[in-house]
Amino acid sequence: MYKVLIVDDEKIMRLAVKTIIRWEDNGFQLVGEAKDGENALMMIERFRPDIVITDLKMPNMDGITLIKRLREENFQGKILVLSNYGDFELVRDAMKWGASDYLLKVTMKADELIKILKEVVQQIEKERSQEEKGIQLPDMDMEALKEKYMRQALEDELDMENQEKESKRLGIS
């Protein structure tokens, strides 16, 4: 089962997304819901969801900032964006920062959500398969991984064994 986290400041919207489909019947497990990006970061660290479905306009930390933070922290999951009709610029920014797809809140239907979730699962499986086969990551992802490695090494977050393993894997000598 693929783990999913819902992030939206509107309780009614979180409820709508939770109840629009039968999650378990479609291969998904809802691991929780968050009311803003700050709350979501804590839940993501705790539950490690495969997919985050997030609103863009929220108090404390909006969806764009959440997506940026997740990318900076090398979040390996996928992000789906919930938006309204007038949010085109925000959706475009979200996609630029790595969101996989988006759903319009007012027209969201169960079959559309299931279709998008299954497409995202295919992306996840393809990426995991490539990682297992040792296929090279795109340069942008490799640079992000190298940057994360360097930060962890400088902050003594890696023991010597893991440091050597990671440096070889990333081609850093």
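**Strand β3 and the helices of the predicted model**

Thr54 lies in strand β3, which spans residues 51–55. The model described here is predicted. Thr54 has a relative accessibility of 0%, so this residue counts as buried. Buried residues are those under 20% relative accessible area. Beyond its neighbours within four places in sequence, Thr54 contacts Val7, Gly63, Leu66, Ile79, Leu80, Val81 and Leu82.

Ile53 is also part of strand β3. Its relative accessibility is 0%, and therefore Ile53 counts as buried. Residues up to four places away in sequence are again set aside for its contacts. Ile53 then touches Val4, Leu5, Ile6 and Val7. The list continues with Val17, Trp23, Leu80, Leu82, Leu113 and Leu117. Ile53 can also be placed relative to Val81. In sequence, 28 residues separate Ile53 and Val81. In space, their C-alpha atoms are 5.8 Å apart.

Helix α1 covers residues 11–20. Met13, Arg14 and Val17 of this helix are buried. Viewed down the axis of α1, the buried residues fall within an arc of 105 degrees, so they line one face of the helix. Lys11, Ile12 and Thr19 are exposed on the other side of α1. Exposed residues have over 50% relative accessible area. The buried residues of α1 are covered by elements that include four strands: β1 (2–7), β2 (28–34), β3 and β4 (78–83). One buried residue of α1, Val17, is also among the residues touched by Ile53.

Helix α2 runs from residue 37 to 47, and helix α3 from 63 to 72. Their axes come within 9 Å and cross at roughly 30 degrees. Angles under 35 degrees count as roughly parallel. The helices α2 and α3 are therefore roughly parallel to each other. Their crossing is right-handed. On the α2 side, the contact is made by Gly37, Ala40, Leu41 and Ile44. On the α3 side, Leu66, Arg69 and Leu70 take part. The residues of this contact comprise five nonpolar, one polar and one charged. Leu66 of α3, which takes part in the contact with α2, is also in contact with Thr54.

Terms used
Residues are numbered from 1 along each chain as its sequence is written. This is a predicted model: local features need pLDDT of at least 70, side-chain atom pairs count only at pLDDT 80 or more; totals for chains, interfaces and linings use all residues. Side-chain values use heavy atoms; hydrogens and water are left out. Helices (H or I, at least four residues) and strands (E, at least two) are DSSP runs, numbered from the N terminus. Buried means under 20% relative accessible area, exposed over 50%, partly exposed in between (1.4 Å probe, protein chains only). Contact means heavy atoms within 4.5 Å. Axes are lines fitted to C-alpha atoms, for helices over the stretch in contact, and angles run from 0 to 180 degrees between N-to-C directions. Angles under 35 degrees count as roughly parallel, over 145 as roughly antiparallel, 65 to 115 as roughly perpendicular and the rest as oblique. A crossing is left-handed if the near helix is turned anticlockwise from the far one by less than a right angle, and right-handed if clockwise. Ala, Val, Leu, Ile, Met, Phe, Trp, Tyr, Cys and Pro count as nonpolar, Asp, Glu, Lys and Arg as charged, and the others, Gly among them, as polar. The arc is that of the directions from the helix axis to the C-beta atoms.
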